[in-house]
Amino acid sequence: MKQIYNFSAGPAVLPKEVLQRAQAEMLDWHGSGMSVMEMSHRGKEFTSILEKTEADFRTLLNVPSQYKVLFLQGGAIAENAMIPLNLLNGKSADYVVTGAWSKRSVEDARAYGEIRIAATSEASSFTEVPSFDTWQLNQDAAYVHICTNETINGVEFDGIPNTHGVPIVADMSSHILSRPVDVSRYGVIYGGAQKNIGPAGLCIVVVHEGLLNQASPLTPAVFSWKTQADNQSMINTPPTYSIYIAGLVFEWLLAQGGVAAIEQKNIAKANLLYNYLDGSDFYYNNIQVANRSRMNIPFRLRNEQLNDAFLKGAEAQGLLQLKGHRMVGGMRASIYNAMPIEGVQALIAYMTEFAKHNA
Ligand code: PMP
């Protein structure tokens, strides 16, 4: 099989070992004679998969016992609506807008109550996180919503502010499990699976149990965090195969040494690419250094007329899905946990050659 490196923003690259294990277990999971896809979600086999998956996730992210871990469907976009339904309870909420995804969260939430923009970096084209001392936070807000890694813009939070007791709700879709997180500083953490966790179709919600009693009666049962927490995420049929693959990814991550160890690899990969970009007069990245994402690295060619040739040449080298999101253009290399450093090295080697031939 041809060696490729997949830089897709998501669905994204998965560890080869995980795919091989899924392949080996495809027809007969642990002597059950069944594929995981064919199992009852309430049977003992799948119950054991779900329990282990949750336990490993808790270990990886060091989730305190006062938090529930829910395995839901609908992706992060569904949670954009479910967050206000589950939390607003007649109050207002503060949102910080740092890129396309947090902007979308505001738009989705507005149907459900008063949503205020506490800070936005739109004026600077989302190249930074507004400094915390400029945020206009309301003490009476039900929550403060942030997106800690903006997948499209390549902006990542470097720490979070003190909100004086107002719960922080964070969309971590595109960097969850890439770095340690102090879960106790958040009310809710959520993320779609299709970047660092596993296949699309699964969304993980980590919610403090103190936030489970304020949902609007209009909240659909499948999206009521309380109902799902009371039913082990099984009020409906959960996305069983996606959960199973997520469980294999968690085992892989534990074998890598866990989140602290993968963070070191992620720092090394990101530094390699940013250092190359900063030293180049052919390519550039314009995100504030402190807020540069380790996971999603957008970059541009100074001569944009070469974009198509760049992408075509990359593909011929097995460097796939480097085209930037249509909203921002340019290029983007997503280098999630499962991207080996060799992929970043191959990308830089290609970029160096391309620049040399087109200078
Ligand atoms: N938030 C972020 C940060 C994302 O990257 C994405 C998907 N790329 C979403 C939300 C939307 O997720 P989904 O398509 O799973 O609903």
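A polar side-chain atom of Asp171 lies 2.6 Å from a nitrogen atom of the ligand, and a polar side-chain atom of Lys195 lies 2.9 Å from a nitrogen atom of the ligand. The protein buries 84% of the 400 Å² that the ligand exposes when taken alone. The model described here is predicted. Its protein chain has 359 residues, of which 57% count as buried, and it contains nine helices and 14 strands.

**Surroundings of the ligand**

- The residues around the ligand are Gly75, Ala76, Ile77, Trp101, Cys147, Asn149, Thr151, Asp171, Ser173, Gln194 and Lys195.
- Sorted by class, this shell holds four nonpolar, five polar and two charged residues.
- Helix H3, which covers residues 75–87, makes the greatest contribution to the shell, with three residues.
- The backbone also takes part in contacts with the ligand: a polar backbone atom of Ala76 is 3.1 Å from an oxygen atom of the ligand.

**Overall form of the chain**

- The radius of gyration of the protein chain is 21 Å, close to the 21 Å that the globule rule gives for 359 residues, so the chain is as compact as a globular protein of that length.
- Measured out along its principal axes, the C-alpha trace of the protein chain spans about 60 × 55 × 30 Å.

**Cysteines**

- A disulfide is a covalent bond between the sulfur atoms of two cysteines.
- With a cut-off of 2.5 Å between the two sulfur atoms, the count of disulfides in this model comes to zero.
- The sulfur of Cys147 has its closest cysteine sulfur in Cys203, and no bond is assigned because the distance of 12 Å is too far.
- Seen from the other side, the closest cysteine sulfur to that of Cys203 belongs to Cys147, again at 12 Å and too far for a bond.
- Cys147 counts as buried, at 1% relative accessibility, and Cys147 is also one of the residues that surround the ligand.
- Cys203 likewise counts as buried, with a relative accessibility of 0%.

**Contacts of Arg58**

- Arg58 is found in helix H2, which runs over residues 44–61.
- A polar atom of the Arg58 side chain lies 2.6 Å from the backbone oxygen of Tyr67.
- The backbone oxygen of Pro64 lies 3.4 Å from a polar atom of the Arg58 side chain.

**Backbone features in the loops**

- Most residues other than glycine have a negative phi, and most peptide bonds are trans.
- The peptide bond from Gly10 to Pro11 is cis, with an omega near -10 degrees.
- Pro11 sits in the loop that joins strand E1 (5–6) and helix H1 (16–24).
- His30, although not a glycine, has a positive phi of about 50 degrees.
- The position of His30 is in the loop between H1 and H2, and His30 is exposed, with a relative accessible area of 53%.
- Asn62 is another residue other than glycine with a positive phi, in this case near 55 degrees.
- Asn62 belongs to the loop between H2 and strand E2 (67–72), and its relative accessible area of 61% makes Asn62 exposed.

Terms used
Residues are numbered from 1 along each chain as its sequence is written. This is a predicted model: local features need pLDDT of at least 70, side-chain atom pairs count only at pLDDT 80 or more; totals for chains, interfaces and linings use all residues. Side-chain values use heavy atoms; hydrogens and water are left out. Buried means under 20% relative accessible area, exposed over 50%, partly exposed in between (1.4 Å probe, protein chains only). A residue is near a molecule or strand if one of its heavy atoms lies within 4 Å of it. A polar contact is a pair of N or O atoms within 3.5 Å; within protein, one must be able to donate a hydrogen and the other to accept it, and residues adjacent in sequence count only if both atoms are side-chain atoms. Accessible areas come from the Shrake-Rupley method with a 1.4 Å probe; for residues, only the protein chains shown count as cover. Helices (H or I, at least four residues) and strands (E, at least two) are DSSP runs, numbered from the N terminus. Ala, Val, Leu, Ile, Met, Phe, Trp, Tyr, Cys and Pro count as nonpolar, Asp, Glu, Lys and Arg as charged, and the others, Gly among them, as polar. The radius of gyration is taken over C-alpha atoms; the globule rule is 2.2 Å times the number of residues to the power 0.38.
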